[in-house]
Amino acid sequence: MARKNFIREKKIYCGKEWLEVDIVPVTNMPEAGKEKGKESSQAQKNLNDKRSKRRFVQIANTNFGEDDLHISATYNEAHLPMTLKEAEKNVHNYLDRVKRRMKRATGQDLKYMLVTEYTSDEEDEEKAVRIHHHIILNGGLSRDDLELMWSTNRINWKKAADREYRKNIDYIGFVNCDRLQPNENGIEGLVNYINKRKKGCKKWSTSMNLEKPKEKKNDHKYSFRKLRELAQTPEDKTVWRKQYKGYEPTKIKFEYNDYTGWSCYLRLRKVRD
């Protein structure tokens with residue numbers, strides 16, 4: 001017979017370094033006060049957006065770290081795309097160039113996560129304006145070469161190191177490439193920066209060769225009583241070090257719901273030898 005009310009532990013392994021844990025009540029109680037119509041629809045949209053952003057962080061932390069890069073790319077007046085479709089074609093052509101160059105120069109396959117940001121024109125909703133791109137990708141190529149390829153030119157790599165040659169390149173717009181700087185939360189800070197604009201629209205895509213976070217569920221590790229006890233000392237990291245040996249907690253967040261009780265979210269980092 002299926003259990004009606006219990007606490008579920010869901011562990012999400014984000015590569016070898018990061019572990020996220022959701023400790024949540026699973027009950028057969030209906031949610032009280034749930035409104036129908038627009039309010040309910042908006043609430044679900046907000047929840048889906050929150051889950052999507054969290055998934056983006058998990059995939060990013062699984063695949064990218066301090067040896068990898070972040071690119072910001074914009075457009076100048078001469079190359080300003082008229083539509084989102086045109087902008088997407090531009091950035092994917094750029095990624096194709098990077099892919100070929102990376103394979104030839106390093107033997108590596110390109111891995112990337114792409115976010116295209118834009119705003120709908122007030123007079124024409126079908127028209128996208130203020131389009132720019134954020135790309136997280138694996139290291140291997142120099143930052144100078146990655147910036148050079150955001151152009152319309154067919155690059156002569158024998159001359160690419162020459163400063164005068166670079167001055168005559170027809171750049172599509174401003175482009176800047178920086179190394180990732182993970183902290184105790186991985187690259188969540190960068191992802192939040194990419195998603196900072198609330199009014200703008202975003203389109204996400206990734207390469208097909210990214211590793212997916214791995215999930216593992218356990219419905220017997222915690223009880224409602226145990227979770228209530230843990231919530232009384234929310235900043236105590238000692239218990240979590242014992243529960244998840246080899247990991248150091250970097251984020252602990254408890255939440256209380258009048259109908260289901262306490263839940264907890266953890267982010268932990270593998271302890272380096």
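Helices (H or I, at least four residues) and strands (E, at least two) are DSSP runs, numbered from the N terminus. This is a predicted model, in which local features need pLDDT of at least 70, side-chain atom pairs count only at pLDDT 80 or more, and totals for chains, interfaces and linings use all residues. Residues are numbered from 1 along each chain as its sequence is written, and side-chain values use heavy atoms, with hydrogens and water left out.

**Exercise 1. Place lysine 226 and find its distance to isoleucine 7.**

Solution.
- Step 1: Lysine 226 belongs to helix α6, residues 224–231.
- Step 2: Its relative accessible area is 32%, so lysine 226 is partly exposed (buried is under 20%, exposed over 50%, partly exposed in between; 1.4 Å probe, protein chains only).
- Step 3: Lysine 226 and isoleucine 7 are 219 residues apart along the chain, and their C-alpha atoms are separated by 9.7 Å.

**Exercise 2. Treat cysteine 201 and asparagine 257 in the same way.**

Solution.
- Step 1: Cysteine 201 sits in strand β7 (residues 201–206). Its relative accessible area of 28% makes it partly exposed.
- Step 2: From cysteine 201 to glutamate 117 the C-alpha distance is 5.8 Å, with their positions 84 residues apart in sequence.
- Step 3: Asparagine 257 is in strand β9 (residues 247–257). It counts as partly exposed because its relative accessibility is 35%.
- Step 4: Asparagine 257 and proline 25 lie 232 residues apart in sequence, yet 9.9 Å apart C-alpha to C-alpha.

**Exercise 3. Is arginine 166 buried or exposed, and which residues does it contact?**

Solution.
- Step 1: Arginine 166 is part of helix α4 (residues 163–167).
- Step 2: Its relative accessibility is 18%, so arginine 166 is buried.
- Step 3: Set aside neighbours within four places in sequence. Arginine 166 then contacts Asp144, Asp145, Leu148, Ala160, Ala161 and Tyr171 (contact: heavy atoms within 4.5 Å).

**Exercise 4. Describe the second largest pocket.**

Solution.
- Step 1: Fix the term. On a 1 Å grid over the protein atoms alone, with a 1.4 Å probe, a pocket is an open set of points with protein on both sides within 12 Å along at least five of seven lines; lining residues have an atom within 4 Å of a point.
- Step 2: The second largest pocket holds about 330 Å³ of space (the volume filled by probe spheres set on the points).
- Step 3: It is lined by 18 residues, and Glu17, Asn61, Phe64, Gly65 and Glu66 are the closest to its centre.
- Step 4: Helix α1 (residues 38–63) gives the largest share of this lining, 3 residues.
- Step 5: By class, the lining has 5 nonpolar, 6 polar and 7 charged residues (Ala, Val, Leu, Ile, Met, Phe, Trp, Tyr, Cys and Pro are nonpolar; Asp, Glu, Lys and Arg charged; the others, Gly among them, polar).

**Exercise 5. How many aromatic pairs does the structure hold, and which charged residues sit over rings?**

Solution.
- Step 1: The structure holds 8 aromatic pairs (Phe, Tyr and Trp rings, the six-membered one for Trp, with centres within 6.5 Å; planes under 30 degrees apart are stacked, over 60 edge-to-face, the rest tilted).
- Step 2: Tryptophan 240 and tyrosine 244 are stacked, because their ring centres are 6.4 Å apart and their planes at 20°. Both residues are buried.
- Step 3: Ring pairs join Tyr222, Trp240, Tyr244, Phe254, Tyr256 and Trp262 into a cluster.
- Step 4: The charged end of arginine 101 sits over the ring of tryptophan 157, 4.0 Å from its centre (NZ of Lys or CZ of Arg within 6 Å of the ring centre and within 35 degrees of the ring normal).
- Step 5: Lysine 111 lies over the face of phenylalanine 64, 5.9 Å from the ring centre.
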